[in-house]
Structure formats: C-alpha cells, structure tokens
Amino acid sequence: MQDNHNEETYSISELAKEFDITTRSIRFYEDQGLLSPERHGQTRVYSKRDRVRLKLILRGKRLGFTLAETGRLFELYDADKSSAKQLSTMLQLIEEKKADLSQQMDDIKVVLMELVTAERRCRDTLKNLEE
C-alpha cells in the first residue's frame, strides 16, 4: 500500500500474513497501546513504524518478554530517541531473563534426575515381581 505522502503503509491483513499471526492479535497489540495505526474511516492503516514495532513485539515474545516489558521499552525510546536509557533497560531485562532461564534449567535438571530415579525404582520393582 502507498499513502498520499508516498510512505509505505500496510493493511492489517498484509501484516497478519507477513508475520503469520491473526488480525485479532494485531488488534490486541493495538488495544494494549503497542501499535497506533491511523484510521481512514473503519480501516486501519499501519505505518513502517507500526510494522517495525510489530516485528519487535513478536521477537520480544519469542525471547520471553512480556507485552508490558516491550511497552516499557517503546515508551523509553519514544521519550529518548538517543536510546541510551532504552538500551540500559534492555540489558537489565536481558539479565533478568537469563537468570530466570538459568533457574528453570536447574529446576528441569532436578526434576529429570528425580524422574530417572523413579523410573529405575519402577523397573526394579517390576523386575522383582516378574521373577
């Protein structure tokens, strides 16, 4: 799509198709204040900025960031285009995510060890019952 100012724009269905998500998801991100398309009547018209934000929202989700955390980063960037504060906040969030994932990995290792022990006991008991 092209708008009157020759800036590329996108329909909701174009973005949904490009990012393989539903139009409902895009409207949800809009309701959360993460996207702000222009409106021409009932039609939403998304800018390059909206497209980039959608890409960042989806990348953030894959990395385990909440929508609130992503929104906080957007607010920081909008307030300070130099993005020094945004980058510092991003580093802090990354450290927190890494710590969370590390803890989850430790927890998974413990559960796996417990399952191996339980499995061995079950097999031993079954073997004794069959003898």
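Begin by selecting Glu69 and Lys97 in this predicted model, where the two residues form a salt bridge whose closest N and O atoms are 3.4 Å apart. Colour the chain next by its domain assignment, which gives domain 1 as residues 1–78 and domain 2 as residues 83–130; between these two domains the count is one salt bridge. For polar contacts between domain 1 and domain 2, the count is two residue pairs, with both at pLDDT 80 or more.

Now select the side of domain 1 that touches domain 2, whose residues divide into five nonpolar, one polar and two charged. Eight residues of domain 1 are in contact with eight residues of domain 2, and the two domains bury about 850 Å² between them, with 72% of that area on carbon and sulfur atoms. Which three residues supply more of the area that domain 1 buries against domain 2 than any other three? Show Phe65, Leu73 and Leu76 as sticks, since together these residues supply 55% of that area.

Step back to the whole chain and place a marker at the centre of each domain, taken over C-alpha atoms: the centres of domain 1 and domain 2 are separated by 34 Å.

Finally, select residues 84–111, the stretch that an unreviewed UniProt entry annotates as "coiled-coil region". Over residues 84–111 the chain is 100% helix and 0% strand, and a distance drawn between the end C-alpha atoms of this stretch comes to 41 Å.

How values were computed. Residues are numbered from 1 along each chain as its sequence is written. This is a predicted model: local features need pLDDT of at least 70, side-chain atom pairs count only at pLDDT 80 or more; totals for chains, interfaces and linings use all residues. Side-chain values use heavy atoms; hydrogens and water are left out. UniProt positions are given in the numbering used here, feature names are shortened, and annotations may be inferred rather than shown by experiment. Helices (H or I, at least four residues) and strands (E, at least two) are DSSP runs, numbered from the N terminus. Domain bounds come from an automatic or database domain assignment. Contact means heavy atoms within 4.5 Å. Buried area is the accessible area (1.4 Å probe) that two parts lose on being put together, summed over both. A salt bridge is a side-chain nitrogen of Lys or Arg within 4 Å of a carboxyl oxygen of Asp or Glu. A polar contact is a pair of N or O atoms within 3.5 Å; within protein, one must be able to donate a hydrogen and the other to accept it, and residues adjacent in sequence count only if both atoms are side-chain atoms. Ala, Val, Leu, Ile, Met, Phe, Trp, Tyr, Cys and Pro count as nonpolar, Asp, Glu, Lys and Arg as charged, and the others, Gly among them, as polar.
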